[in-house]
Amino acid sequence: MSTQQLQTAVTTSTVVNAPIERAFAVFTEGMSSWWPPGHHLLEAELAEMVFEPRAGGRIVDRGVDGSECSWARVLVYEPPTRVVFSWDISTDWKVETDPARCSEVEVRFAAEAPDRTRIELEHRELDRHGDGWEAMRDSVGSPEGWPAMWDAYVSALAVYQ
């Protein structure tokens, strides 16, 4: 795994022992199997995370109390090689409703062998978040940010159905 912080972006990558189709499916439709349950914006405990698998879809957290929080829009959906979604989260970790103030996360999948896939993630245009965007960059690029997600993701690959 490698991680790099650029001026207005964070990039990270990893290689997993899984076919490209499985790697893509677990990252997208299986997102709730690896995303940390404490990393959501709901007031209630998280019941489920839903990734709507299409351009124009959303990523939605649903609480045990029935509440919902749509925190991303699926901008590009090209299975099994690429997905781009918006990061509709403000610098104070609340839902951002102005698309001009949202960053983007692009994830690319490349087969290195039939059972081995390289995944490259770029969280870009973080400066769109406005004042304090550097703290958002530092947070998502920290060891507890996107890099920490890889361990959970790799574990989920082993068990996700």
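**A walk through the predicted fold**

E48 is partly exposed, with a relative accessible area of 37%, and this residue makes a convenient place to enter what is a predicted model. E48 sits in strand β3, which covers residues 46-51, and its C-alpha atom is separated by 8.4 Å from that of V60, a residue 12 positions away along the chain.

Two further pairs join residues that lie over a hundred positions apart in sequence. V10 belongs to strand β2, made up of residues 10-16, and counts as buried because its relative accessibility is 0%, under the 20% cut-off. The C-alpha atoms of V10 and H123 are 5.2 Å apart in space, although the two positions lie 113 residues apart in sequence numbering. The other pair involves P36, found in the loop between α1 (20-27) and β3, which is partly exposed at a relative accessible area of 22%. From P36 to Y153 the separation is 117 residues in sequence and 9.8 Å in space, taken from C-alpha to C-alpha.

Next come the features of the backbone. Most residues other than glycine have a negative phi, and most peptide bonds are trans. Against that background, the bond that joins P79 and P80 is a cis peptide bond, with omega at about 0°. P80 lies in the loop that leads from β5 (68-78) to β6 (82-87). Two residues that are not glycine carry a positive phi: W93, whose phi is near 60°, and E125, whose phi is about 60°. W93 occupies the loop between β6 and β7 (103-113), whereas E125 is found in the loop between β8 (116-124) and α2 (133-141). How accessible are W93 and E125? W93 has a relative accessible area of 38% and is partly exposed, and E125, at 27% relative accessibility, counts as partly exposed as well, because the partly exposed class takes in what lies between the 20% and 50% cut-offs.

The loop between β8 and α2 also holds H129, which is buried, with a relative accessible area of 1%. What polar contacts does the side chain of H129 make? A polar atom of that side chain lies 3.1 Å from the backbone oxygen of I89, and a polar contact of 2.7 Å joins the side chains of H129 and S103. The buried side chain of H129 is thus set against a backbone atom of I89 and against the side chain of S103.

W93 appears again when the empty space of the model is considered. Rolling a probe the size of a water molecule over the atoms shows where empty space is left. The largest pocket holds about 270 Å³ of space, and 16 residues line it, with W35, H39, W87, W93 and M149 lying nearest its centre. The elements that contribute two or more residues to this lining are α2 and α3 (146-159). By residue class, the lining of the largest pocket divides into 9 nonpolar, 5 polar and 2 charged residues.

W35, one of the residues nearest the centre of the largest pocket, also takes part in the aromatic pairs, of which the structure holds 15. In one of these pairs, the rings of W34 and W35 have their centres 5.6 Å apart and their planes at 55°, so the pair is tilted; a plane angle over 60 degrees would be needed for the edge-to-face class. Both W34 and W35 are buried.

The cysteines remain to be considered. Why is the count of disulfides 0? A disulfide requires a pair of cysteine sulfur atoms within 2.5 Å, and the sulfur of C69 is 12 Å from the closest cysteine sulfur, that of C102, which is too far for a bond. Seen from the other side, the sulfur of C102 has its closest cysteine sulfur in C69, at 12 Å, and again the separation is too far for a bond. The count therefore comes to 0 disulfides. C69 counts as buried at 8% relative accessibility, and C102 is buried with a relative accessible area of 1%.

Technical notes
Residues numbered from 1 in each chain as written. Predicted model: local features only at pLDDT ≥ 70, side-chain atom pairs only at ≥ 80, totals over all residues. Heavy atoms only, no water. Helix = DSSP H or I, 4+ residues; strand = E, 2+ residues; numbered from the N terminus. Buried < 20%, exposed > 50% of the residue type's maximum accessible area, 1.4 Å probe, protein only. 1 Å grid on protein atoms, 1.4 Å probe; cavity = no way out; pocket = protein on both sides within 12 Å on 5 of 7 lines; lining within 4 Å. Points joined across faces, edges and corners; volume = space filled by probe spheres on them. Nonpolar A, V, L, I, M, F, W, Y, C, P; charged D, E, K, R; others polar. Phe/Tyr/Trp six-rings, centres within 6.5 Å; stacked < 30°, edge-to-face > 60°. Polar contact = N/O pair within 3.5 Å; in protein donor to acceptor, adjacent residues only side chain to side chain.
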